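Welcome! Please take a moment to look over the sequence and the model, and then let us walk through some of the details together.

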Amino acid sequence: GVVSNWTKIPPPLFKKVVIVLIDALRDDFVFGSKGKQFMPYTTQVVEKGTSYSFIAEAKPPTVTMPRIKALMTGSIPGFIDVIVNLNSPALLEDNLIWQAKTAGKRIIFYGDDTWVKLFPKHFVEYDGTTSFFVSDFTEVDDNVTRHLDRVLKREDWDLLILHYLGLDHIGHVTGPNSPLVGPKLREMDNILKKIHISLLSKEEASLPNLLVVCGDHGMSETGGHGGSSEGEVHTPLLFISSAFEKRSAPLAQPERVQQTDLASTLAIGLGLPISRNSVGNLILPVVEGKTMREQLRFVHLNGFQLSRLLQENTPAYEKDPGYEHFKIAEKSHGNWIKLYLEGNNSEILLNLGKKVLKQYLEALKTLSSSLSKQVAQYDMYSMMVGTVIIMEVLLLLLLSVPKALSKRAEFEVPLSPPLFSLLFYLMCLMLCAVHVIVCTSAESLCYFCSMSWLTAVGVMMLISALMCGILSAIAKMFENSRLLVKNPVVSSSSWSEIDMLILAGTIGHVLSLGASSFVEEEHQTWYFLINTLCLVLCQELCRNNFLLKECDPQHSTNVKQNFDTIGETSECENIDIPAAGNSKLGKATSSSEFTKGSDKWISLAAPWIILICCRLLRSLNQTGVQWAHRPDFGHWLTSSEHKSELSFLAAVSLFMIFFLVQRRCSLVSKIAMALGLLGVYSYRAAIGNVVFPWQHGSKDVSK
């Protein structure tokens, strides 16, 4: 009829649902050789049990908070969520947890406290664990598991969510091929076995229970995540329930689905409305056991929600192929319902139902695809304007670096000449014209276009002024370089080799932070830059102390300029200025240009001493991802056999701190500092890190 007689939300398909989210669970950890070796129970359920297995594809950025959002809302989070991941605010978007709470479902959560921050006051019981102690592989999971036995015996909950972090921590510290991964997977397998057996034992004939096993993201070959490599975006997704048919043949290759599909599927399974902004599709095998009428009802609900989302976000939604397919499928669905109500139970009705179902699934796929593309559309014009301003400021700063690093430390930005130039006004007019054209022809909403015209003109003037300032600074540089050619005396203000190295090193370091692998091994960049800088300083000192003693016309010009000497330096055998007539001038020249005696050798030795210290520091602690497992001096010192060496080093270091600082302290401060440093050592001795000379074992000291 015109109005549907089935206006209520379909009843739930499952009584209790348990979601076990294992952080950084890669697909090969379950479906690969590691799964067969370390997760035997899960492998048996996947291959021969009543389950459906999928590989869920996560969209980048593959970090925890955006992935939880995707799982619970069905929407695709943006890259801004990478920053928000560090301090997750409450999720205000329509989501599965909110819908479940509104429907009166009792939700219990144990695990990563990101959930508690995202969904405050949603859980009837919770215990959050922090994810920032990356070296904790055990307690972080034990704090979740310790609640299991008690909760599984109870009947006062409908949805249980467990988020385990241990595997992710192992990946970050030791990588996916670490010997620690196997025992952790075995631990997870035993937990899944316990939950599954408990759910089966408490099952009622009318309404079965459901166990969902998934990962929020995967793990790269180095153990990190955040990017879009196969290991990072592919995670296993398992639905285990007695409602499903037992698998007859072993699973060949799991079907691929989107991670966002879980929100729609769980909403149908729990008898809840699908989240408003979800772009996910219903995973059909989960509801295959239901009648054709119910299956069509479920996919129609999903299609209706997606088409409504398309209408809200696209002005010309009627021309969208997904929307057109959905309307055709809806019409076919209407015809099928007519036949069904007439009491036609023949094979024709079943075949027609399958055809309608296929039409719906194609429509859902197309709708989801077009919505996902829209989510990935960014406000390019506003982003370009912002990027231009940032690049102009950066270029202006780079042009000012030589002067800022000079002795006078000037920081000059020429503003008045550009602001009164013809170029400035022409640029303003041209940019305003571009702004009008872009804003009048833009189909989608643009932040910069929504601003007032006065603000927009102000931004255009800023861009023009910065551009004119840059051109003015470049022109000034060329003018100075022409003066240098004519008069080499002015060469003291030009860029030195060290200035160039510092600038190149800074730019190189900034560019290296664009790749996650360089971020993980950032210390290597610093080792390289510091070593290079020390070698260049050494070369500069050698040149100043030895090479310039020989004939160097430019150097003699500099000396002449610095001291305003009378006469010409035609003899270059010695640095002393002939016929100076003033002994003080000669002394000033020799003392300022060359470091005499021991000072000269100390200055020459300094870079090499720094290089040796840097090499020792590198050996002290192996860090990063690639070489974290390698032995180092730090491990050697902290081992129980070398406690006396560590104690000696700690005592010497604390004494040196006292010796270097006490000279500027009053008597009271000296006593206070001595007691404080003694307290530091005593504390370390009490917890067993170091020993006192008279102490034979850690038992002698009381905590």
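Which elements do the buried residues of α3 pack against? They pack against α1 (28-31), α2 (33-38), β2 (51-57), α11 (181-201) and β7 (234-240). Contact here means heavy atoms within 4.5 Å. Helix α3 spans residues 40-48, and its buried residues are Y41, T42, T43, V45 and V46. Buried means under 20% relative accessible area, exposed means over 50%, and partly exposed lies in between (1.4 Å probe, protein chains only). Helices (H or I, at least four residues) and strands (E, at least two) are DSSP runs, numbered from the N terminus.

Before going on, please keep in mind that this is a predicted model, in which local features need pLDDT of at least 70 and side-chain atom pairs count only at pLDDT 80 or more, while totals for chains, interfaces and linings use all residues. Residues are numbered from 1 along each chain as its sequence is written, and side-chain values use heavy atoms, with hydrogens and water left out.

Another helix to look at is α13 (residues 261-270), which is mostly covered, with ten of its ten residues buried. Among them are D261, L262, S264 and L270. Just after α13 comes G271, which takes a positive phi of about 70°.

Next, the backbone offers some details in loops. Two residues that are not glycine have a positive phi, as listed here.

| Residue | Phi | Loop | Relative accessible area |
|---|---|---|---|
| A24 | near 65° | between β1 (17-22) and α1 | 0%, buried |
| K121 | about 65° | between α7 (114-118) and β4 (125-129) | 78%, exposed |

A cis peptide bond can be found as well: it joins P60 and P61, with omega about 5°. P61 sits in the loop between β2 and α4 (64-73).

Now for the cysteines. How many disulfides does the structure hold? There is one, where a disulfide is a pair of cysteine sulfur atoms within 2.5 Å. This disulfide joins C439 to C449, with 2.1 Å from S to S. The link is left-handed, with -85° about the S-S bond. C439 belongs to helix α19 (residues 422-441), while C449 is in the loop between α19 and α20 (453-486), so the pair, ten residues apart, links distant parts of the chain. C449 is partly exposed, at 23% relative accessible area. C542, by contrast, is in no disulfide, and the nearest cysteine sulfur, that of C538, is 4.4 Å away. C542 also counts as partly exposed, at 29% relative accessibility. One more cysteine, C665, is partly exposed with a relative accessible area of 24%.

Finally, let us visit a pair of helices. Helix α28 (residues 643-661) and helix α29 (residues 667-686) pack at an angle of about 165°, with axes 11 Å apart. Axes are lines fitted to C-alpha atoms, for helices over the stretch in contact, and angles run from 0 to 180 degrees between N-to-C directions. The two helices are therefore roughly antiparallel to each other, a term for angles over 145 degrees. On the α28 side the contact includes S647, L654 and F658, and on the α29 side it includes K670, M673 and Y681. The residues of this contact divide into eleven nonpolar, one polar and one charged. Here Ala, Val, Leu, Ile, Met, Phe, Trp, Tyr, Cys and Pro count as nonpolar, Asp, Glu, Lys and Arg as charged, and the others, Gly among them, as polar.

Methods. Parallel < 35°, antiparallel > 145°, perpendicular 65-115°, else oblique.
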